[in-house]
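Colleague: Please take a close look at one part of this model, the packing between a pair of helices, and then work outwards from there to whatever surrounds that part.

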Amino acid sequence: MKSSSSLSSWKFVACFSVLAILFASGLAFSQSVPPPASAPDRTVQGPGAGAAIRFMVRLIQVTVVAEDGDGNPINDLKKEDFTLRDKGEAQKLSFFAQQNTPAAQLNTLAAAPSNFFSNHVESSPSGANSVTILLFDALNTQFKDLSYARTRVVDFLQHMQPQDQVALYVLTPTTLYVMHDFTNDSETLVRLMGGKPEKTSTASTSAPGPNDVKIEKLISDSMDESNRFYKGQPLNILETTSSAMLQIARNTVNIPGRKNLVWISGGFPIIMGDAIPLGPRDDRQDFSASLSATAKQLGDANVAVYPVDARGLYAARGGGRYVSPNMDAMVLIANGTGGRPFYNTNDIASSIRKAVDDSRVSYVLGYYPTNDRWDAKFREINIKVARPGVHLRYKTGYFAVPANPDSHERNEMLTSDAIRSPLQMIDLGLEVHADPIAKTNGRELKVTVRVDPTAMHFQKVGDRWTDGIEVVWVGLTPDGRILDRDKDTVELKPEQSGYDEIMHAGLSFSEHIILGSDSTELRLIVRDRGTGAIGSVNIPLAIVFANAGAQTSSR
């Protein structure tokens, strides 16, 4: 593959006229799920003449997993079945979507037109509606359990499914290692855990080499470090573990949708004193308040924690029913974030699989809070359904921090996170038609993009309406590496007739893109300057060009 190929050679030939738009009336928004209602706009007068601070009220999105009494997913609930209260006040749902992406439905997604892509909730090209973070915890797992747990993690990674998007972290007594960001490349992840791939993947771009020795040493050092710690070296495990989880939350906070944090660990108790494995202590301390605070912050970042007991089957002491106190903290964090704990089983790989699949069937509820006091305090959410026997799991609340579209640093961070996210950003609705252009050598696309105006914010200046969009195109390899990217800012200044057309039919533009041979996925990110809303669309190039070839040969 040509490593020199990059997106810097892309040619942008879209011409923006005085209206700064190109209309394509044949492209109508065909969302089966309506876009969110426009966000309320608050303007606060600041000090000084004419000074004002404008911010948008946040659209609060909550992913809900619904199950029957036997733990089976319920997939036929409607918007009117849900009642949501924010700090005790009933809320109007501005957005509702059902996410069903079990393996059986991937064929339905694949049946969509080969050249049409969107960020509608139900239209993910990969079939994924959540991402998974695997946290291999060498801090809270005894040395004797680490090797077995590692082989079980490798077993799961060897059998990843096409819709899985997994990031791999390793926590040692001193360091949180980011082994790999989100990817579907099973072979690379297996190698990073020191295992051997069952079969060679054509998608993997990480060939065995000198780095394998470094990876094996890292895993070995992690185990040795854990072994030394459990032999008596002191460390504040609760603060270190909480800090690591919150770092993961910060790393993924702007990845859209639900993040499943699968925490493979031996755990630790809520009350330290007769803790296992730390041994008896005189100063018994209850850490439930601290852990609850951690759970709230994780839930606010839409991270659901799924603890998996690395010890496997845990025998009762002296017979009778017994649950290890080490699971207390894990259960508390799981319940506080909408996750589920898995323990007392030797089938760790299967437990990981269940955790990953837990939100395959889920619902997304979105609303603009009626309480407009954005005081950064935690607000509890309560959700009920009008059907008996239904058990719901969701985050318990959020911190009332306003969304400020005028923060350059925040917007840059959001754009950066959208570039690396395998899940599509949905705040700004996008539809893309990607049509290959016949070339004797190389690959070229004509792309037509339509932006949903619902989440855009124009301001009247004189006889024109003004706004702006930032357009970013990114080329990616199979394991998620960015080859290069191209960024363009478009100023929008339509007169009244142009503005009315945008509000009616959407903002459309076309571009020609020349691709290098190494790119396997094209990612579009669009940010509206007026609201800060971001949308992204993932375009698998193999599908686009394969179907184009099939259509040509059939003529």
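Modeller: The model is a predicted one. The part in view is the pair formed by H6 and helix H7 (residues 327-337), whose axes are 8 Å apart and make an angle of about 35°. The crossing of H6 and H7 is right-handed. On the H6 side the contact is made by Ser288, Leu291, Ser292, Ala295, Leu298 and Gly299, and on the H7 side by Ala329, Leu332, Ile333, Gly336 and Thr337. Sorted by class, this contact of H6 with H7 holds six nonpolar and five polar residues, with no charged residues.

Two of the residues just named lead on to a cavity. Gly299 and Thr337 are both in the contact between the helices, and both also line the largest cavity. The rest of that lining consists of Thr63, Arg258, Asn302, Val303, Ala304, Tyr394 and Lys395. The largest cavity encloses about 40 Å³ of space, and a search of the whole structure finds one cavity of 30 Å³ or more. Its lining counts three nonpolar, four polar and two charged residues.

H6 also has a sheet beside it. This is an open sheet of four strands, in the order S5-S4-S16-S18, with antiparallel pairing. Its edges are strand S5 (89-90) and strand S18 (397-399), each of which pairs on one side only. Helix H6 (residues 288-300) packs on this sheet and touches S16 and S18, with its direction at about 85° to that of S18. Inside the sheet, strand S4 (residues 82-86) is joined to strand S16 (residues 378-385) by five bridges in the antiparallel sense. Phe82 has Val385 in S16 as its bridge partner.

The loop between strand S15 (361-367) and S16 contains Asn371. Apart from neighbours within four places in sequence, Asn371 is in contact with Glu89 and Arg379. Its C-alpha atom is 9.0 Å from that of Lys87, although 284 residues separate Asn371 and Lys87 along the chain.

The cavity lining points to a second sheet as well. Arg258, Val303 and Ala304 are among the lining residues; Arg258 falls in strand S11 (residues 258-265), which pairs with S14 in the parallel sense over seven bridges. The sheet concerned is open and has five strands in the order S10-S9-S8-S11-S14, with mixed pairing. Strand S10 (176-183) and strand S14 (303-309) form its edges, each pairing on one side only, and the range of S14 takes in Val303 and Ala304. On average, neighbouring strands of this sheet are turned by 15° against each other, direction ignored. Between S11 and S14, Ile264 has Val308 as its bridge partner. Helix H2 (residues 143-158) lies across strand S8 (130-137) and S11, and runs at about 160° to S8.

Some further strand pairing can be added. Strand S7 (residues 116-118) and strand S19 (residues 430-437) run antiparallel and are joined by three bridges, with Ser118 opposite Glu431 in S19. S19 also pairs with strand S20 (residues 443-451), again in the antiparallel sense, over eight bridges. In that pairing, Val432 has Val449 in S20 as its bridge partner.

To return to the helices: H6 packs against H7, touches S16 and S18 of the four-stranded sheet, and supplies Gly299 to the lining of the largest cavity.

Key:
Residues are numbered from 1 along each chain as its sequence is written. This is a predicted model: local features need pLDDT of at least 70, side-chain atom pairs count only at pLDDT 80 or more; totals for chains, interfaces and linings use all residues. Side-chain values use heavy atoms; hydrogens and water are left out. On a 1 Å grid over the protein atoms alone, a cavity is a set of points where a 1.4 Å probe fits but cannot get out, and a pocket is an open set with protein on both sides within 12 Å along at least five of seven lines; lining residues have an atom within 4 Å of a point. Grid points are joined across faces, edges and corners, and a volume is the space filled by probe spheres set on the points. Ala, Val, Leu, Ile, Met, Phe, Trp, Tyr, Cys and Pro count as nonpolar, Asp, Glu, Lys and Arg as charged, and the others, Gly among them, as polar. Two strands pair if DSSP finds at least two bridges between them. Helices (H or I, at least four residues) and strands (E, at least two) are DSSP runs, numbered from the N terminus. Contact means heavy atoms within 4.5 Å. Axes are lines fitted to C-alpha atoms, for helices over the stretch in contact, and angles run from 0 to 180 degrees between N-to-C directions. A crossing is left-handed if the near helix is turned anticlockwise from the far one by less than a right angle, and right-handed if clockwise.
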